[in-house]
Every structure is written in structure tokens, then in C-alpha cells.
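Grab a coffee and work through these exercises with the structure open beside you. Try each task before you read its solution.

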Amino acid sequence: MSILKTTKGKQKIKIEESDFVFCTESHSFNISIATLFKCSDTATILNSMIFWRRKNMANDNNFHDNNYWSRMTIEAWNEAYPYMTPRKIDGILRRLEENGYIATGNYNKSKYDRTKWYALTEKASNILGFPFHKMGNDI
């Protein structure tokens, strides 16, 4: 991770490829969130979604409909979390969406591509303690 200065003198964090070792080799979760959801796997997925939201926010990527989105198939989720079955991951994501913690969308360039995009909602922001809207240098 490196901190860059923009033309207006503000700092911007650039997340490098090497930073993804954290995401693929080590998984963690917030105990309070796991307790709230009664599931460490749900808390782990939410932690990952916060990571990707911050990455997209820092690099100003995947901003659609006033939110930062991440594109991922269930198979890709399963690759990232091999100790969770695709069915378990799908169930977690479905419940998070049904309860208003995440939103799903389709921002694919090809109309034939049905890969889901995921975004944390303002409701999730309030519970997980991250800023929903970009403010200055905050990410």
C-alpha cells in the first residue's frame, strides 16, 4: 500500500497487488459482528466486502448508483474461501441482501454476463462502523 499526493494536495491510498496476500492468505472477522450475526463466516465475508469497498473507494473504481461495488461469482468467492461451500456462501450473501446489509446489481459491459456485483449498504455502514460516503481523505 502506498500513499500518493493528488494534484490538489490531498492524500490518496493506492492498494498494490502485493496487498492482496492479506485477502487470500489470511482471513479475519470482527468478534462483535460475528456475535451479532451468530456466524463467523458471515463476519468474514463482511470483512472482505469492507476491504474491497475501501480498495475501490481509494482507487475511485466501480462507483455506480452512488455506491462502490465489487464484482464476484460464487465460484470466485469459493476460491477465496475454500473452507466454505458455494451453497454456504450463496446463503450468506442471500441473507445479507434480504436483510438489507448488501445490495446486488449488474454493471457488466456485456448484457450476457450475469455476474453479480455486491455493495455494502448504509445499514451495513452503521453496524460495521465505516463511512458510507467518501469524505475528504477518509476511506
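**Exercise 1. Find which residues of helix 5 are buried, and what covers them.**

Solution. Keep in mind that this is a predicted model. Start with the element itself: helix 5 covers residues 86–98, 13 in number. From its first C-alpha to its last it reaches 18 Å, close to the 18 Å expected at 1.5 Å a residue. Next, pick out the residues with under 20% relative accessible area, which is the cut-off for buried. In helix 5 these are I89, G91, I92, L93 and L96. Then look at what sits over them: the cover includes helix 2 (31–37), helix 3, helix 4 (74–80), strand 6 and strand 7. Finally, step past the end of the helix, where G100 follows with a positive phi, near 80°.

**Exercise 2. Work out which parts of the chain the salt bridge between K88 and D41 ties together.**

Solution. First check the distance: the closest N and O atoms of K88 and D41 are 3.4 Å apart, and the cut-off for a salt bridge is 4 Å. Now place the partners. K88 is in helix 5 and D41 in helix 3, so the pair links parts 47 residues apart in sequence. Then compare each residue with the burial cut-offs. D41 counts as buried because its relative accessibility is 15%, while K88, at 34%, counts as partly exposed. As a last step, list the company D41 keeps: leaving aside neighbours within four places in sequence, D41 contacts Y83, M84, K88 and I92. I92 has already turned up among the buried residues of helix 5.

**Exercise 3. The structure holds 3 salt bridges. Sort out where the pairs D90–R94 and D113–R71 lie.**

Solution. Take D90 and R94 to begin with. Their side chains meet at 3.6 Å, N to O. Both residues are in helix 5, 4 residues apart, or about one turn of the helix. Here a bit of textbook geometry helps: an α-helix has 3.6 residues a turn, so residues three or four places apart point the same way. Both partners are partly exposed, D90 with a relative accessible area of 34% and R94 with 40%.

Now for D113 and R71, which form a salt bridge at 2.3 Å, N to O. D113 sits in the loop between strand 6 and strand 7, and R71 in strand 5, so this pair joins parts 42 residues apart in sequence. D113 is partly exposed at 22%, and R71 is partly exposed at 42%.

**Exercise 4. Lay out the sheet that contains strand 5, strand 6 and strand 7, and say what lies across it.**

Solution. Begin with the order: 3 strands form an open sheet, arranged 5-7-6, with antiparallel pairing. Strand 5 (70–71) and strand 6 (102–105) are the edges, each pairing on one side only. Zoom in on the pairing of strand 5 with strand 7 (residues 117–120), which runs over 2 bridges. One partnership to locate is S70 with Y118 of strand 7. Now add the helix: helix 3 (residues 40–58) lies across strand 5, strand 6 and strand 7, at about 95° to strand 7.

**Exercise 5. How many helices and strands does the protein have, and in what order do they come?**

Solution. Count first: there are 6 helices and 7 strands. Then read from the N terminus, which gives β-β-α-α-α-β-β-β-α-α-β-β-α. To round off, buried residues make up 38% of the 139 residues.

Terms used:
Residues are numbered from 1 along each chain as its sequence is written. This is a predicted model: local features need pLDDT of at least 70, side-chain atom pairs count only at pLDDT 80 or more; totals for chains, interfaces and linings use all residues. Side-chain values use heavy atoms; hydrogens and water are left out. Two strands pair if DSSP finds at least two bridges between them. Contact means heavy atoms within 4.5 Å. Axes are lines fitted to C-alpha atoms, for helices over the stretch in contact, and angles run from 0 to 180 degrees between N-to-C directions. The expected span of a helix is 1.5 Å times one less than its number of residues. Buried means under 20% relative accessible area, exposed over 50%, partly exposed in between (1.4 Å probe, protein chains only).
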